[in-house]
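Here are some short exercises to work through with the model open beside you. Try each task before you read its solution.

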Amino acid sequence: MSNQGKMLQERIVEERIIQKLADALDLQHLEVVNESGNHNVPAGSESHFKVVLVSETFETLPLIARHRQVNGILSHELAMCSDPSEVL
């Protein structure tokens, strides 16, 4: 497998997070940072992400409602934390 192919394969969860949030929300800004390397996980893991986003959708919502909405959009990805075999 080429290096580019490996990089794409290694970023599958990150790309899914980006795509799902972009599809579900009217985003003015989206930043997804894989912070897995800061944790005790194998190299190349996609288990810890920081997401920063701006959307008018959230303008009138309290913080907890914003978190719940994002968690709902990413429910499958969050569930994978307990069973990484379900990545696809």
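Accessible areas come from the Shrake-Rupley method with a 1.4 Å probe, and for residues only the protein chains shown count as cover. With that in hand, the accessible surface of the protein chain comes to about 6,200 Å², and carbon and sulfur atoms hold 53% of that surface.

Two notes on reading the model. It is predicted, so local features need pLDDT of at least 70 and side-chain atom pairs count only at pLDDT 80 or more, while totals for chains, interfaces and linings use all residues. Residues are numbered from 1 along each chain as its sequence is written, and side-chain values use heavy atoms, with hydrogens and water left out.

**Exercise 1. Find where confidence is lowest and where it is highest in the protein chain.**

Step 1: Start with the average. pLDDT is the predictor's confidence in each residue, from 0 to 100; the protein chain averages 83, and 80% of the residues score at least 70.

Step 2: Go element by element. Helices (H or I, at least four residues) and strands (E, at least two) are DSSP runs, numbered from the N terminus. Helix H1 (residues 3-10) has the lowest confidence, with a mean of 50, whereas H3 has the highest, at 97.

Step 3: Look at residues 1-8. Their pLDDT is below 50, and beyond near neighbours in sequence this stretch has two contacts in the model (contact means heavy atoms within 4.5 Å). Where pLDDT is low, the predicted coordinates should not be read in detail.

**Exercise 2. Write down the pattern that the protein chain follows along the sequence.**

Step 1: Count the elements: the protein chain has four helices and two strands.

Step 2: Put them in order, which gives α-α-β-β-α-α.

**Exercise 3. Identify the residues of the largest nonpolar core, and the helix that gives the most to this core.**

Step 1: Fix the terms. A nonpolar core is a set of buried Ala, Val, Leu, Ile, Met, Phe, Trp, Tyr and Cys residues joined through side-chain atoms within 4.5 Å. Buried means under 20% relative accessible area, exposed over 50%, and partly exposed in between (1.4 Å probe, protein chains only). Of the 88 residues in the protein chain, 19% count as buried.

Step 2: List the members. The largest core has 11 residues: Val13, Ile17, Leu21, Leu25, Val32, Leu53, Phe58, Val70, Ile73, Leu74 and Met80.

Step 3: Assign them to helices. Helix H2 (12-24) and helix H3 (63-73) each supply at least two residues, and H2 gives the most, with three.

Step 4: Zoom in on one member. Leaving aside residues up to four places away in sequence, Leu74 touches Ile17, Lys20 and Leu21.

**Exercise 4. Which residues form salt bridges with Glu77?**

Step 1: Apply the criterion: a side-chain nitrogen of Lys or Arg within 4 Å of a carboxyl oxygen of Asp or Glu. The whole structure holds four such bridges.

Step 2: Take Arg16. Its closest N and O atoms with Glu77 are 3.0 Å apart. Glu77 lies in helix H4 (residues 75-79) and Arg16 in helix H2, so the pair ties together parts 61 residues apart in sequence.

Step 3: Take Lys20. The side chains of Glu77 and Lys20 meet at 3.1 Å, N to O, and this pair links helix H4 with helix H2 across 57 residues.

Step 4: Check exposure. Glu77 is buried at 6% relative accessible area, while Arg16 is partly exposed at 22% and Lys20 is partly exposed at 28%.
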